[in-house]
Amino acid sequence: MILSRLSSCCLLSLSAACLASSVAGGYKAGTDFVTTDTHILSALRDADGGSVSAADFAEKFGVARAELCSRIENLRGLGYEIETSPHLGYKLTDSPDLLHAEDLIARLGKVKVIGRDIQVFEQTTSTNDVVEKLARDGVKEGVVVFAESQTKGRGRLGRVWMSPARKGLWFSVLLRPKLQPQEITQLTVAAAVAIWRAINRVTDLRPEIKWPNDILIRGKKVAGILTELSAEVDRVKHITLGVGVDVNLEANEFSAGLRKIATSLRIELGKPVLRAELATEILRELDRDYARVCAGKFSELADEWEEHCSTIGKQVIVGIGERRMRGRAESLDDDGALLLRTEHGRLERIIGGDVTLDK
Ligand code: BTN
């Protein structure tokens with residue numbers, strides 16, 4: 001099903017695809033569609049270093065012994081280290097640095113909207129393109145599409161987004177919020193806050209947010225958000241929220257130009273980060289923040305955003321197309337717009353554009 005719709009994408013891990021037996025030719029998982037692999041990985045993780053017996057798997061999830069053995073073998077084939085003890089059962093001792101939809105679902109647990117369906121592709125043009133196609137096919141909101149690499153990853157303002165294989169998190173989320181088009185900056189702000197929290201929780205690093213969508217560490221960009229909108233004059237039809245996080249790139253994997261302005265969590269931390277853990281932290285936070293935005297509680301996020309924002313209080317230059325505006329970034333308004341006190345004393349609401357510090 002997915003393969004035929006998305007011919008430009010290679011689906012990740014054919015062996016895993018075979019396990020998701022009721023999705024013909026595709027590889028998906030979600031809380032709407034929980035596979036046996038998700039049950040197995042959830043139970044092994046919940047055991048927190050302990051073992052789970054075959055009898056437990058049979059009783060809780062109805063997995064017969066022969067099926068369990070074959071699933072465990074498949075998971076081992078993907079790189080999961082699972083020890084077997086004849087008396088105690090199965091124990092998960094290590095996980096590969098791989099984005100495996102069923103594992104992401106197992107790690108994520110229950111969500112309201114974002115992540116109830118997860119798809120992982122080995123390669124796509126851009127995950128935003130894949131989600132855009134799903135949106136046009138009428139898929140319900142909340143689906144998340146990851147790619148291990150993108151051949152045409154894009155950033156804001158038509159920039160190229162470098163997306164090397166297995167080095168980062170490149171994913172997009174389909175949303176259908178009941179918001180006015182001018183309110184969607186709220187979602188970008190919510191995503192920035194969610195990414196901030198997730199990075200902080202997983203790595204202990206304290207990034208800064210540059211309005212509206214850049215996550216920086218020591219002044220260099222580590223993550224970005226590309227929000228693409230399909231709307232009528234007064235109604236959002238759907239939104240594709242694309243997120244790119246430079247997780248495990250090493251310095252020599254950035255071009256000389258990018259090295260001056262971009263960094264990765266691995267460079268900043270001095271050690272690699274488990275992408276699946278970071279991915280699920282981001283999705284969990286995003287799910288919570290999306291619920292807040294939809295419930296009209298954006299102001300709860302705005303305060304947190306301002307706390308981490310390196311733009312507020314600074315003299316900045318805002319570029320909107322060919323236009324340049326200088327002024328002081330004062331605060332965020334109720335819609336997520338940046339309030340700029342211009343050099344002429346006017347207060348301008350900025351809903352898009354590029355902000356740089358005015359040195
Ligand atoms: C930016 O800061 O300019 C936004 C970068 C967004 C990159 C992500 S990677 C996943 C998704 N697919 C894309 O082509 N772009 C976004």
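**Notebook: the two largest pockets**

I looked first at the second largest pocket, which lies between domain 2 (101–308) and domain 3 (315–357) because both give residues to its lining; the domain bounds come from an automatic or database domain assignment. I am working from a predicted model, in which local features need pLDDT of at least 70 and side-chain atom pairs count only at pLDDT 80 or more, while totals for chains, interfaces and linings use all residues. Residues are numbered from 1 along each chain as its sequence is written, and side-chain values use heavy atoms, without hydrogens and water.

I took a pocket to be an open set of points on a 1 Å grid over the protein atoms alone, where a 1.4 Å probe fits, with protein on both sides within 12 Å along at least five of seven lines, and lining residues to have an atom within 4 Å of a point. The second largest pocket holds about 310 Å³ of space, a volume being the space filled by probe spheres set on points joined across faces, edges and corners. I noted 17 lining residues, of which Arg-156, Thr-188, Thr-227, Ile-351 and Gly-352 lie nearest the centre.

I then turned to the largest pocket, for which I recorded a volume of about 950 Å³. This pocket is lined by 41 residues, with Arg-159, Trp-161, Asp-214, Lys-221 and Ile-261 nearest its centre. I found that the largest pocket also lies between domain 2 (101–308) and domain 3 (315–357), since both contribute to its lining.
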